[in-house]
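Work through the following exercises with the sequence and the model open. Each task is followed by a solution in steps.

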Amino acid sequence: MAQISREFCVLTTVYIIAITAEAMSGALSAGRRQMDMFGVVLIAFITALGGGTVRDVLLGNFPVNWTQHPPYIYLTMLAGLLTVLLARYMHHLQQVFLVLDALGLIAFTIIGCNVALELDYGLPVVVMSGVITGIFGGILRDILCNQTPQVLQKELYASVSILVAALYLILVHFNVSHDLTLLAAFSSGLALRLAAIRWKLSLPVFYYSPERWQS
């Protein structure tokens, strides 16, 4: 029981840090599109909590998580507004945000997997629950900002979520200690994500243009 409580505490702490960082990234995207303050707050909220919302709706997990935790709403909104005040300094924090985003991706993925496991879904659904939780906030952010979702066209991102989910479930299946499971998931996921950024690692791109095959 103590191990489970410690795992929950670690994930909750990382989750709070992650939704704050994601909310700030959403606010910056809104700023690039010159949105008003309502737009900034809305995009911040959706970026931070959209993945979990989509997951809960798809899995029929009601009530949706953030509706039971109002502080998460206040936190994301305040993070969005704070970003407006600190916008001139944000470029100095780019590397920090990359690390926080990677940690958030991993935390969201593990939390999403746990939600589906508690609902007794099969392994494919569990993995997709983790991935949806990890990446869908960013997808919604980019769609609302009229951009092609970055997670679908740049360095390995969704793939990292899939691998983290798979590793986490394997270790849970073999009853590896919670501490070691979290350490392995976070260290491997963070290493892979940062390596992808450093060396521009990505999946092959499908480029379709009929002119390429016309004689």
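**Exercise 1.** Which residues does Ala79 touch, not counting residues up to four places away in sequence?

Solution. The model is a predicted one, in which local features need pLDDT of at least 70, side-chain atom pairs count only at pLDDT 80 or more, and totals for chains, interfaces and linings use all residues. Residues are numbered from 1 along each chain as its sequence is written, and side-chain values use heavy atoms, with hydrogens and water left out.

Step 1. Locate Ala79: it is found in helix α3. Helices here are DSSP runs of H or I with at least four residues, numbered from the N terminus.

Step 2. List the contacts, where contact means heavy atoms within 4.5 Å. Ala79 touches Thr20, Ala23 and Met24.

Step 3. Add a backbone distance: the C-alpha atoms of Ala79 and Glu22 are separated by 9.0 Å, with their positions 57 residues apart along the chain.

Step 4. Classify the residue. Buried means under 20% relative accessible area, exposed over 50%, and partly exposed in between (1.4 Å probe, protein chains only). Ala79 counts as buried because its relative accessibility is 4%.

**Exercise 2.** Which residues form a nonpolar patch on the surface, and which helix gives the largest share of the patch?

Solution. Step 1. Apply the criterion: patch residues have over 30% relative accessible area and no salt bridge, with like charges joined within 9 Å and nonpolar side chains (Val, Leu, Ile, Met, Phe, Trp, Tyr) within 5 Å.

Step 2. The members are Met37, Tyr74, Leu78, Leu81 and Val84, and together they have about 490 Å² of accessible area. Areas come from the Shrake-Rupley method with a 1.4 Å probe, and for residues only the protein chains shown count as cover.

Step 3. Helix α3 (residues 70–86) supplies the largest share, 4 residues. Leu81 is found in this helix, and it counts as partly exposed because its relative accessibility is 36%.

**Exercise 3.** How many salt bridges does a search of the whole structure find?

Solution. Step 1. Set the cut-off: a side-chain nitrogen of Lys or Arg within 4 Å of a carboxyl oxygen of Asp or Glu. The search finds 3.

Step 2. Arg55 pairs with Asp56, with the closest N and O atoms 3.0 Å apart. Arg55 is buried at a relative accessible area of 4%, and Asp56 is buried at 0%.

Step 3. Arg141 pairs with Asp142, again with a closest N–O distance of 3.0 Å. Both Arg141 and Asp142 are buried.

Step 4. Glu155 pairs with Lys200 at 3.6 Å between the closest N and O atoms. Glu155 lies in the loop between α5 (123–144) and α6 (158–173) and Lys200 in the segment after α7, so this pair ties together parts that are 45 residues apart in sequence. Glu155 counts as buried at 18% relative accessibility, whereas Lys200 is exposed at 59%.

**Exercise 4.** Which backbone nitrogen does the side chain of Asp142 reach?

Solution. Step 1. Asp142 lies in helix α5.

Step 2. Its side chain reaches the backbone nitrogen of Gln150 at 2.8 Å. A polar contact is a pair of N or O atoms within 3.5 Å; within protein, one must be able to donate a hydrogen and the other to accept it, and residues adjacent in sequence count only if both atoms are side-chain atoms.

Step 3. Leaving aside neighbours within four places in sequence, Asp142 is in contact with Gln147, Thr148, Pro149 and Gln150.

**Exercise 5.** What is the nearest side chain of opposite charge to Arg193?

Solution. Step 1. Place Arg193 in helix α7 (residues 178–199).

Step 2. Assign charges: Lys and Arg count as positive, Asp and Glu as negative, while His and the chain ends are not counted. The nearest opposite charge is Asp101, 4.4 Å away, and Arg193 is buried without a salt bridge.

Step 3. The Arg193 side chain reaches the backbone oxygen of Leu156 at 2.8 Å.

**Exercise 6.** Which peptide bond is cis?

Solution. Step 1. The bond from Phe62 to Pro63 is cis, with omega near -5°.

Step 2. Pro63 is found in the loop between α2 (37–59) and α3.

Methods: Helix = DSSP H or I, 4+ residues; strand = E, 2+ residues; numbered from the N terminus.
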